[in-house]
Amino acid sequence: MSEFPVFPPGFVFGAATASYQIEGAVEEDGRGPSIWDTYSHTPGRTDGGDTGDVACDHYHRYPQDVALLRDLGVESYRFSIAWSRIQATGSGAVNPKGLDFYSRLVDSLLEAGIEPAATLYHWDLPQALEDKGGWRVRETAERFGEYTAIMAEHLGDRVPRWITLNEPWCSAFLGYSVGRHAPGAKEGRGALAAAHHLLVGHGHAMNALRAAGVREAGITLNLDRNVPATESDADLAAVVRADTQHNLVWTEPLLAGRYPATEEETWGELITGQDFRREGDLELISQPMDFLGINYYRPIVVAAAPHREADPALRVATDNRYAEGTYPDVRKTAMGWPVVPESFTDLLTVLKQTYGDALPPVHITENGSAEFDSVEADGSIHDADRVEYLRTHLTALRAAMDAGVDVRGYYVWSLLDNFEWALGYAKRFGIIRVDYDTLERTPKDSYRWYQQLIAAHKA
C-alpha cells in the first residue's frame, strides 16, 4: 500500500483551528466576553481550571503560525472569527480593532499563497446575547445574520470560502442539554429551541453571504456514524433515535427542507407542541449551499437504554433511551475514541445514498486525533499513532470518493495543540506541539508526513 493516498487534481488540502482555542488576548483591543470565557472561569467546569485566556497566543503570534502553514504547503487555512471581537455584546457598534486583526490575518495568508476559509461561529457566543436567552431565542439568530453581513462586507472580497456554523450539535446539545460545554445548561425544550435557532441563524447568514457575493458558503456538521451494538430490534430502534439527534435534526432541514419524521419518537413530549418554529423557517434553512463541511473523528456504538430521568418533566434533550458504547478490540486515541477508518467511508457513502443530488460538494473540515505524543531529549516529537490515523482516514476518504461522493477538500485538525474546551490543555490534537509555558511551536512527525503528502499531491 502506498504511504500516500492519491487524490485528484484540484483537491484542496488544508489545516484548521478555532478562535477561542488558540487566540488568547481575551481582554485586548475591545473584545467582549464570550460564553466560553464565563464557562471556563467557573470553578469545576474545565479540567484543571484551564481557560483560553492565553491559549496559543495566536492573536500576537499569527505571523509565525502563517509561516508554519506556508512551510506545511497547505492550500487553505480554516480559522474562526470571534464574534465578540467584532461586536463586544453581539450587536450594535463594530469594533475596528477586531476587524483589523482578521484583515491582517487574511492578508498574511494571501501573501503566503494560502486561501482563507472563515468560520463565522465556532461556539464562542458573546455573553451578552446568552444573558438575553442565547440560542434558545430567535433574536440571537437575527443578530447572527447582522454580524455575518459585517464580516462579509469587510472580508468578502478576500475570503473565498465561508462556513456559517461549526458543529451546531455541540452548541445545542453539549451546551444546552448535556451541560459539558458552554453555557453549561441542562435543558429539554431549551436545547431543541437552540438547535432550531442555530439553523435559522445559518439561514440568515446564508442570505447575508449571498448578498455580499461571496464565492462559496456552507455549514459544517459533525455527523456521526452510529452502529448498533447488536442486531436486536431494540438496539436498531435506538440507532434511529441516535441518528435523529446527531444527524437528521440537521441534514433533514438543510438538505431536504423538512423536519425528521422520527423526531417525536426521539424526543416525545419535548418536541410536540413546540412554539419556536415559524412559517417560512424551512425555506430559509434549506436554501442551496455551495458545499457541506463534515467533521469526522470516530463511530459510535449504540445500544437501547431506559430514560436516565424517569420524570418526563425533568428530561433533557439528550435523554433519548439509548446508550453510547465503543468498539472493544480496536485502538483508542487519547480521547478514548475508537479508530475505525472504514466507518468514515460508510458515513459519507450513506449520506450520498440518502440525499443523492441534494447533497452538495463536501469538504472534510476537520479530521484528526488526540494522541500521547513522545517528546524526545533532542526536542523532536514522534506521533506515529497520529500519522497512522491520518493515513488510514485519508485512504478511507479516497474510498468514499471512488464510490461516488463528491469531496473537494480535507482540513486536518488541528494545526496547533490548543485549548480543548472542557478538557483544557490535557488533550493534544495538533500536528504542531505548543509548549504551554513558553508558547514555542515545534512541528511533529505528523506535520512532516502531511507536508510530504501535500508535496506528493502537487508533484
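Mentor: Before we dive in, helices (H or I, at least four residues) and strands (E, at least two) are DSSP runs, numbered from the N terminus. This is a predicted model, where local features need pLDDT of at least 70, side-chain atom pairs count only at pLDDT 80 or more, and totals for chains, interfaces and linings use all residues. Residues are numbered from 1 along each chain as its sequence is written, and side-chain values use heavy atoms, leaving out hydrogens and water.

Trainee: Okay! How many helices and strands does the protein have?

Mentor: Scroll along the chain and count both kinds of run. The protein comes to 15 helices and 15 strands.

Trainee: And what is its radius of gyration?

Mentor: That radius is taken over C-alpha atoms, and the globule rule is 2.2 Å times the number of residues to the power 0.38. For 459 residues the rule gives 23 Å, and the protein's value is close to that, so it is as compact as a globular protein of that length. The radius of gyration itself is 21 Å.

Trainee: What share of the residues count as buried?

Mentor: Buried means under 20% relative accessible area, exposed means over 50%, and partly exposed lies in between (1.4 Å probe, protein chains only). Of the 459 residues, the buried share is 61%.

Trainee: Which strand has six of its six residues buried?

Mentor: Look for a strand covered on both faces: E216, G218 and T220 are buried on one side, and A217, I219 and L221 on the other. With six of six residues buried, this strand is largely enclosed by the rest of the structure, so the one you want, at residues 216-221, is strand 5.

Trainee: Which strand joins strand 5 by four bridges and includes F291?

Mentor: Two strands pair if DSSP finds at least two bridges between them. Strand 4 (residues 161-166) pairs with strand 5 in the parallel sense over four bridges, and there N166 has T220 as its bridge partner. F291 is elsewhere, standing opposite G218. Its strand, at residues 291-295, also runs parallel to strand 5, and it is strand 7.

Trainee: There's an open sheet of three strands too. Which strands stand at its edges?

Mentor: The order is 6-8-9, with mixed pairing. An edge strand has a single partner strand, so one side is left without a neighbour in the sheet; here that describes strand 6 (226-228) and strand 9 (322-325).

Trainee: What is the bridge partner of V302 in strand 9?

Mentor: Strand 8 (residues 300-304) and strand 9 pair in the antiparallel sense over four bridges. For V302, the partner in strand 9 is E324.

Trainee: At what angle does helix 10 run to strand 8?

Mentor: Axes are lines fitted to C-alpha atoms, for helices over the stretch in contact (heavy atoms within 4.5 Å), and angles run from 0 to 180 degrees between N-to-C directions. Helix 10 (residues 233-256) lies across strand 6, strand 8 and strand 9, and its angle to strand 8 is about 125°.

Trainee: How many residues of helix 8 are buried?

Mentor: Among them are W169, F173 and Y176. Helix 8 (residues 168-178) is largely enclosed by the rest of the structure, because its buried count, out of eleven, is ten.

Trainee: Last one: is P126 buried or exposed?

Mentor: P126 lies in the loop between strand 3 (115-121) and helix 6 (127-131). Not counting residues up to four places away in sequence, its contacts include P33, W83 and Q87. Its relative accessible area is 0%, so P126 is buried.
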